[in-house]
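Reader: Hey, could you walk me through this one? I'd like to go through it piece by piece.

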Amino acid sequence: MSAPVAVPLPKKCELTIVAEQFNYTQPPVGQFKGTFPATPSRTVTMKLAKVPAPFPFSLTGGPFYEGRLFEGGVDKGSVSLAWVSKFFRRATLEIDTLVGAVRPAPVPDGAGGTEFFDTIFARTGWQLTVVQDQLNVPVPSGVVPTNCWSSADLHALMTTVRNPATNLDAEWRVHMIVVPAKLGCSRGIMYDQIGVPREGCASFSDDGYPTSDSSNFGLAANRKQRDVPRAFLRSATHELTHTLNQIHQEQETAADNSIMTTTPSVADVLGGPATGEPGVFPDQIKLAHNTNVRHHLNHMPDPVIRPGGWPFASWFPTGAPQAADRHDFEPSELTLAVTATTDRVALGQPLDLTWTMTNTSGVSLRTPNDVGIEALFASITVTDAEGRERPVRPFVILCEHAKLSELEPGKSVTASAKVFWSTAGFAFERPGRYRVDVAVSWSAQGVMVGVQSGIDVFVDYPSSASDNHSANLVLHPEVGKWVALGGDAYHLGEACRRLQALSQTAAPAGALAVAGDGAPAPRVLDGFADLLPDRAKLARLRPELTADTGGRAERGPARAAAPGRKRAAKAKKRTGRKG
């Protein structure tokens, strides 16, 4: 952008703007992450002069410019720039509250006014409309709302309560559900996908600030969120900002007193390692995004930020970027050991993966206290035999206990995951050799540090019609969601149908002369031994799948069988394989 220092009368003062345009390529149907080209799609030059603003732009009180647009020196036509709003973006937050829960409330701002979601985002540069919609949402059948919620139960509730009329193509809208839960569960959670990415989050009013998370919670220590309004509002705004595709500052820059630093880290920043005097936390919590997050929220491309757009953190490098300013710890300092229950899986079989980070040095090291992928410090990347990489993104963003803390010499932290499906797709789509890498990364004053390791896995080729049929049943996104939610997600009808059919799948009739329990089970069952639907729950919640047909939803080799979990256990006993 340039403008002349002085212009002789009567010539107009002309503003010149040179802009690069990058045309977005929409993703394929069923996917959500499109692409931008590495080089500009075109470069244009605008020559503009300030003129009186016409109606309705005259009502905004801002400037108005008119001029010509040039491309390659060729005049392409007229162009106008109008001041529309002081905000960069706008969105709507819809808050629903379960029976027995208490929603976040405005808190004093110290200057005679109040702070709430809308004022916090106004300082960031957003016009946020808050709709406090459904109050006393009924408790789902079979759920004890004052216990910790399972991922499946909360996902089901969010699926049913959200406004069905919401059109994310026309309006940026986030749904927040407030439930009670209890101390020690988690202050909040976000799912990478309800129907589409990042459209909803949850806040837990009866969880709060256990001293096991931080010794610096001050007067908030061991109290519920509903009783600590300022901290409650900060935590709920943290989850809301996750839905706008923002990650923790412990990953990007450093822990600070801002919204996208985890709650325990904020308490530690305020209180220090040995203080935490009453009145520091929560009174001095800063209800604001830091400059780094504000820049992202205002200037990242729309598809990256908007609810329903790019999957969570898909803009952030996964694994271990090969950058000059990255430091990987030496094995004599910090190690990461990755193991799996097997190095061979059937096509369609989840891989049970475990990793352990150990301090091998003689001094304490400041590292993440939670290395599960849900806490966002760890990432999993699967690379096939042709070198194509695919991230395994966390489906559940559960990070309110996570922070950087001291890992003593010789001590370890461990996490595990079922590597199967994420919003990036299935980890193992076809038979062959794969490399599964785990990286644990965080920021040390702006420098990325971490450790990484991995294992080789071979996905076997199907050897029977039963293997093929079973793989066809489970390689479906709803089954992927079922696994990602830890099972028991009976609101996913297609997953129930397919897994019920899987539980009754055996070898084709001619495979063995022995019928009944002598027929070998498909190997896929090994990975679903603890994930198949419970027959009694299925009969109660999905009676259409257990009436007459025995749950068989597709034609294929099948037989009447014992309940799914018992069937898989028998299979493991016969074959000696580990699930």
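**Strands, rings and a pocket**

Author: Let's begin with one strand pair: S2 and strand S3 (residues 64–71) run antiparallel and share six bridges. Two strands count as paired if DSSP finds at least two bridges between them. Helices (H or I, at least four residues) and strands (E, at least two) are DSSP runs, numbered from the N terminus.

Reader: Before we go on, what kind of model is this?

Author: This is a predicted model, where local features need pLDDT of at least 70, side-chain atom pairs count only at pLDDT 80 or more, and totals for chains, interfaces and linings use all residues. Residues are numbered from 1 along each chain as its sequence is written, and side-chain values use heavy atoms, with hydrogens and water left out.

Reader: Ok, back to the strands. Which residue in S3 is the bridge partner of lysine 50?

Author: That's tyrosine 65. Threonine 45 also has a bridge partner in S3, namely phenylalanine 70. Phenylalanine 70 in turn has aspartate 75 as its bridge partner in S4.

Reader: How many bridges do S3 and S4 have?

Author: Eight, and the pairing is antiparallel. S3 and S4 make a hairpin with two residues between them, and glycine 72 in the turn has a positive phi of about 60°.

Reader: What's the strand order in the open sheet of four strands?

Author: The order is S1-S2-S3-S4, with antiparallel pairing. S1 and strand S4 (74–82) are the edge strands, each pairing on one side only. From one strand to the next, the twist averages 30°. For angles like that, axes are lines fitted to C-alpha atoms (for helices over the stretch in contact), and the angles run from 0 to 180 degrees between N-to-C directions.

Reader: And which strands are in the open sheet of three?

Author: That one goes S13-S15-S21, with antiparallel pairing. Strand S13 (334–340) and strand S21 (412–419) are at the edges with a single partner strand each, so one side of each has no neighbour in the sheet. The twist here averages 15° from one strand to the next. Strand S15 (residues 351–359) and S21 pair over eight bridges in the antiparallel sense. Across from methionine 357 you'll find valine 413 in S21.

Reader: New topic: how many aromatic pairs are there?

Author: A search of the whole structure finds 17. One of them is tyrosine 24 with phenylalanine 36, a tilted pair at 4.7 Å centre to centre and 40° between the planes. Rings of Phe, Tyr and Trp (its six-membered ring) pair if their centres lie within 6.5 Å; planes under 30 degrees apart count as stacked, over 60 as edge-to-face and the rest as tilted.

Reader: Where do tyrosine 24 and phenylalanine 36 lie?

Author: Both are in the loop between strand S1 (15–21) and strand S2 (42–50), so the pair ties together parts that are twelve residues apart in sequence.

Reader: Why does tyrosine 24 count as partly exposed?

Author: Because its relative accessibility is 23%, and buried means under 20% relative accessible area, exposed over 50%, partly exposed in between (1.4 Å probe, protein chains only). Phenylalanine 36, at 33%, counts as partly exposed too.

Reader: Which cluster do ring pairs make?

Author: They link Tyr24, Phe36 and Trp310. Lysine 33 lies over the face of tryptophan 310, 5.0 Å from the ring centre. That label needs NZ of Lys or CZ of Arg within 6 Å of the ring centre and within 35 degrees of the ring normal.

Reader: Cool. Which residues are closest to the centre of the largest pocket?

Author: Gln31, Arg390, Thr423, Ala424 and Gly425, out of 26 that line it. The space in the largest pocket is about 670 Å³. On a 1 Å grid over the protein atoms alone, a pocket is an open set of points where a 1.4 Å probe fits, with protein on both sides within 12 Å along at least five of seven lines, and lining residues have an atom within 4 Å of a point. Grid points are joined across faces, edges and corners, and a volume is the space filled by probe spheres set on the points.

Reader: Last one: which peptide bond to proline 10 is cis?

Author: The one from leucine 9, with omega near 5°. Proline 10 is in the segment before S1. The bond from phenylalanine 55 to proline 56 is also cis, with omega near 5°, and proline 56 lies in the loop between S2 and S3.
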